[in-house]
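Here are a few exercises to work through with the model open in your viewer. Try each task before you read the solution.

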Amino acid sequence: MSFDLAGFDGVAAAGVALVTCMDSRIDPLRMVGLRPGDAKIFRNPGGRVTPQALEALVLGVHLLNVRRILVVPHTRCAMASATEAEVRRRVGESAGVDASWQRFGVVPDQEDALHQDVAAVRTHPLIGDRATVGGFVYDVDTGLLRRVV
Ligand SMILES: [Zn+2]
């Protein structure tokens, strides 16, 4: 086995940070035409701008060369296709114990959530104008990005 990613310095060479979903149909770098070394990538269920995502983006902007931020949820996302109660019930059935206390951050309205998430980045006091921020939806069936905000 060869390892051809040695020697990178850890900054985002293309100045890009991505926030996207953990979905296995998404190859984040390929989705935006970048290569290893080019971008910071933060993933979670739904591709949401959570407090942890904001921590990563602040670090990216100030210490890791990030100048463009893309928030990219996707079509047919499980986190946008069920209710919180349904996800809790399914996890509870799998676990065999009560899961009603666990928060999953299900998204009732994906585009509304994307507007809110992009606004959260744009108005963050440590990010603001220091980066260009866009919100897109990735179509897992066509491989295309659609700009929303
Ligand atoms: Zn998803």
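**Exercise 1. Work out how β3 and β4 pair, and over how many bridges.**

Solution. β3 and β4 run parallel, with 4 bridges between them. Strands here are DSSP runs of E of at least two residues, helices are runs of H or I of at least four, and both are numbered from the N terminus. Two strands count as paired if DSSP finds at least two bridges between them. For a concrete spot, look at L70, which sits opposite G134 in β4.

Some ground rules: this is a predicted model, where local features need pLDDT of at least 70 and side-chain atom pairs count only at pLDDT 80 or more, while totals for chains, interfaces and linings use all residues. Residues are numbered from 1 along each chain as its sequence is written.

**Exercise 2. Find what lies between β4 and β5, and how these two strands run.**

Solution. Start with the direction: β4 and β5 are antiparallel, joined by 3 bridges. V137 has R146 in β5 as its bridge partner. Next, the hairpin: 6 residues lie between the strands, and G143 there takes a positive phi near 80 degrees.

**Exercise 3. Put the strands in sheet order and say which stand at the edges.**

Solution. First, add the pairing of β1 (residues 16-21) with β3 (residues 68-72), which is parallel over 5 bridges. A17 has I69 in β3 as its bridge partner. Then the full order of this open sheet of 5 strands reads β2-β1-β3-β4-β5, with mixed pairing. β2 (39-44) and β5 (145-147) are at the edges with a single partner strand each, so one side of each has no neighbour in the sheet. From one strand to the next, the twist averages 25 degrees.

**Exercise 4. Which strands do helices α2 and α4 touch?**

Solution. Contact means that C-beta atoms, placed from the backbone, lie within 7 Å. Helix α2 (residues 51-63) packs on the sheet and touches β1, β2 and β3, with its direction at about 175 degrees to that of β2. Helix α4 (residues 110-122) also packs on the sheet, touching β3 and β4 (132-138), at about 160 degrees to β4. The angles run from 0 to 180 degrees between N-to-C directions, with axes fitted to C-alpha atoms, for helices over the stretch in contact.

**Exercise 5. Is β4 largely enclosed or open?**

Solution. Count a residue as buried if 20 or more other C-beta atoms, placed from the backbone, lie within 10 Å of its own. 5 of the 7 residues of β4 pass, so β4 is largely enclosed by the rest of the structure.

Notes. Contact = placed C-beta atoms within 7 Å. Buried ≥ 20, exposed ≤ 12 C-beta atoms within 10 Å, placed from the backbone.
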